[in-house]
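User: I am new to this structure and would like a close look at a single part of it, the pairs of aromatic rings. Please take me through them slowly.

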Amino acid sequence: MFYIIRSRMQTEKVIDHIAAWLKDYATQAGMKGFVIGVSGGIDSAVTSTLCAKTGLALICLEMPIHQAENQANRASKHIDWLQKNFGNVTRQPVDLTPVFDSLVSALPPVANEEDRFMSLANTRARLRMTTLYYFAALKGYLVAGTGNKVEDFGVGFYTKYGDGGVDLSPIADLLKTEVYTIAKVLGINDEIIKAAPTDGLWGDDRTDEDQLGASYPELEWAMGMKDEGKEANDFFGREKEVFLIFTRFNEANRHKMVPIPVCKIPRSLR
């Protein structure tokens, strides 16, 4: 099973550890700061605050693509809060909606609209990744990822070469529930903490739980059981259902969690 941070003292130590790790990594890499996409969700709010705590320069990008107004408002309020509390934070709005619409109009029609809809959702994430790396290259900064442990290594709930395309992952060893614990200690806006998690790729109000079929605490439980070597037949009812959901996503998205396959050429052919 996982060891979960519980006390405020433990949480503060984890916060200090991550901030120090971020600063050390950037310094050793010869980079001057960080760039991050702020979505209005808990993960980007916590990660951007941890980056700000390093004292190094931080650019917070707002990159709406037909974004729900409540998500955009939460992101904007969080950046306002960061700038009030940290002098090293700048904001950079980039409206990607016309870029996305132009790309969509240039793409050929397809027979299956459902497949097209899914592909375009991932395209949003990849446009944002491209934008983040534009500013990172311009400034000599690192792109900070916002994925947590159950998303990155459990169910693979992210876009390959989209929000999964980053230079470093500060919170990828934290469970989602731990991210919430850290958010409270950091003083993250209560509106963000209470908001239902969403990937913001669809332009509607669907949540992560709507897409996954299970809550993050449930998925964390299943991830822990899988880590212990349990199998679906060890459970009944809702527990079995959640375990099967976790296993299905884990297996389907395994390609995101392992190195890119390389075709090795035998010595006899060289």
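Analyst:
**The aromatic pairs**

Trp-81 is partly exposed, with a relative accessible area of 25%, whereas Phe-86, at 19% relative accessibility, counts as buried, because buried means under 20% relative accessible area. This is a predicted model, and the structure holds five aromatic pairs. A pair of aromatic rings is described by the distance of the centres and the angle of the planes.

One of the five pairs is made by Trp-21 and Tyr-25, whose ring centres lie 5.8 Å apart with the planes at 35°, so this pair is tilted. Both residues belong to helix H1, which covers residues 8-28, and they stand four residues apart, about one turn of the helix. An α-helix has 3.6 residues a turn, so residues three or four places apart point the same way. Trp-21 has a relative accessible area of 35% and is partly exposed, and Tyr-25, with a relative accessibility of 39%, also counts as partly exposed.

The rings of Trp-81 and Phe-86, to return to the residues named at the start, have their centres 6.5 Å apart and their planes at 75°, so that pair is edge-to-face. Elsewhere, ring pairs link Trp-221, Phe-235 and Phe-243 into a cluster.

As for the setting of these rings, the chain has 12 helices and four strands, and its radius of gyration of 19 Å is close to the 18 Å that the globule rule gives for 270 residues, so the chain is as compact as a globular protein of that length. Of these 270 residues, 46% are buried.

Definitions and conventions:
Residues numbered from 1 in each chain as written. Predicted model: local features only at pLDDT ≥ 70, side-chain atom pairs only at ≥ 80, totals over all residues. Heavy atoms only, no water. Helix = DSSP H or I, 4+ residues; strand = E, 2+ residues; numbered from the N terminus. Rg over C-alpha atoms; globule rule 2.2 N^0.38 Å. Buried < 20%, exposed > 50% of the residue type's maximum accessible area, 1.4 Å probe, protein only. Phe/Tyr/Trp six-rings, centres within 6.5 Å; stacked < 30°, edge-to-face > 60°.
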